[in-house]
Amino acid sequence: IHSKTGRNFGIDKARGEFIYFIDSDDYIDKTMIEKLVNSIKDKDSFVGILGFYYDIDGRLKLQKMEEKEHRTLKSPSVCTRMFRKEILDKSGIRFSGLKIGEDLEFVFKVLAFNNHSTYIDEALYYYRLHEESLTHDNNIDRLCILKAIESIEEYLKENKKYEEFKELIEFITISHIYFAVINLKRNEKFDEMKEAIRYLLDKYPNWENNSNLIYFKDQ
């Protein structure tokens, strides 16, 4: 089942208080669901975890983040978050089916609809990866993420939230173009690399003043 079809079907049919997604190749700590349920409060739109593991062919690599880094969507995966069903029903937010950036688009829209969230400082999720998948990831056209960002901007403007989240959406654009430029340079796609830089400079000429750039240090 396509992620959009399966996830949206699950949201629409669910009858419980909370929604949680796990990718088919991954696994979670046996206490994760209980801890997420116990941590999310009535006013919260979602609860997330500040740590996870990469399981690379059986070798575990720990990834930890500060709460501020999580709030700036350094890792926007829906698999590290539990959502209140009520919030998704009220907002009507669903997955769009984008090949790149679908989780970012979804999580950002939920955040904009209800800017309440809590975090658990534990590593409870395990992303299962293989060496060949890492090679594939390095060849992804990371500029495809701009479609998700443009969708988020449209949502923010329609709901009169753009000014409130302007600096965050700018920061996300900066960070993704940064990684795209590195990837394009590695693959000697210099014309596309220049195009990406030009896009950033034209849209955000004062990007260096973004206050969130301090949390870019470990990316």
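**Close-up 1. E69, a buried residue in helix α3.** With a relative accessible area of just 3%, E69 falls under the 20% cut-off, so this residue counts as buried. E69 belongs to helix α3, which runs over residues 67–71. Look for N212 in this view too: E69 and N212 are 143 residues apart in sequence, yet their C-alpha atoms sit 8.8 Å apart in space. Keep in mind, here and in every other view, that this is a predicted model.

**Close-up 2. L104 and the residues it touches.** L104 is part of helix α5, residues 102–113. Is L104 buried or exposed? At a relative accessible area of 2%, L104 is buried. Leaving aside residues up to four places away in sequence, L104 touches L73, P76, I145, I149, I152, I172 and H176. Take I172 from that list: I172 is 68 residues from L104 in sequence, and the two C-alpha atoms are 9.5 Å apart.

**Close-up 3. The salt bridge between R7 and D23.** The structure holds 14 salt bridges, and here is one of them: the side chains of R7 and D23 meet with N and O 3.4 Å apart. This pair links distant parts of the chain, 16 residues apart: R7 sits in helix α1 (residues 3–13), while D23 sits in the loop between β1 (18–20) and β2 (27–28). How buried are the two partners? R7 counts as buried at 11% relative accessibility, whereas D23, at 33%, counts as partly exposed.

**Close-up 4. E17 and R84, joined across the sequence.** Another salt bridge brings together the side chains of E17 and R84, with 3.7 Å from N to O. E17 lies in the loop between α1 and β1, and R84 lies in strand β5 (residues 81–84), so the pair ties together parts that are 67 residues apart in sequence. R84 counts as buried, with a relative accessibility of 7%.

**Close-up 5. K85 and D89, a salt bridge within helix α4.** Which residue pairs up with K85 in a salt bridge? The partner is D89, and the closest N and O atoms are 3.0 Å apart. Why are these two about one helical turn from each other? Because K85 and D89 are four residues apart in helix α4 (residues 85–91). K85 counts as buried at 8% relative accessibility, but D89 is partly exposed, with a relative accessible area of 41%. Elsewhere in the model, salt bridges that share partners join R7, D23, E102 and D103 into one network. As a general point, side chains of opposite charge can pair when their charged atoms come close.

**Close-up 6. Two loop residues with positive phi, K160 and E188.** Most residues other than glycine have a negative phi. K160 goes the other way, with a positive phi near 55 degrees. You'll find K160 in the loop between α7 (145–158) and α8, and this residue is exposed, with a relative accessible area of 78%. E188 also has a positive phi near 55 degrees. Its place is the loop between α8 and α9, and at 61% relative accessibility E188 counts as exposed.

**Close-up 7. A nonpolar patch on the surface.** Which residues make this patch? They are Y178, F179 and I182, and the patch covers about 240 Å². F179 is in helix α8. With a relative accessible area of 31%, F179 is partly exposed.

**Close-up 8. Helix α9, with a buried face and an exposed side.** Does the length of α9 agree or disagree with what its residue count suggests? At 1.5 Å a residue, the 14 residues of this helix (190–203) should span 20 Å, and the end C-alpha atoms are 20 Å apart, which agrees. The buried residues of α9 are M193, A196 and L200. Seen down the helix axis, these buried residues fall within an arc of 60 degrees, so they line one face of α9. On the other side, D191, E195 and D202 are exposed. What covers the buried residues includes α8, residues 162–186.

Notes:
Residues are numbered from 1 along each chain as its sequence is written. This is a predicted model: local features need pLDDT of at least 70, side-chain atom pairs count only at pLDDT 80 or more; totals for chains, interfaces and linings use all residues. Side-chain values use heavy atoms; hydrogens and water are left out. The expected span of a helix is 1.5 Å times one less than its number of residues. Buried means under 20% relative accessible area, exposed over 50%, partly exposed in between (1.4 Å probe, protein chains only). The arc is that of the directions from the helix axis to the C-beta atoms. Contact means heavy atoms within 4.5 Å. Patches are made of residues with over 30% relative accessible area and no salt bridge: like charges are joined within 9 Å, nonpolar side chains (Val, Leu, Ile, Met, Phe, Trp, Tyr) within 5 Å. Accessible areas come from the Shrake-Rupley method with a 1.4 Å probe; for residues, only the protein chains shown count as cover. A salt bridge is a side-chain nitrogen of Lys or Arg within 4 Å of a carboxyl oxygen of Asp or Glu.
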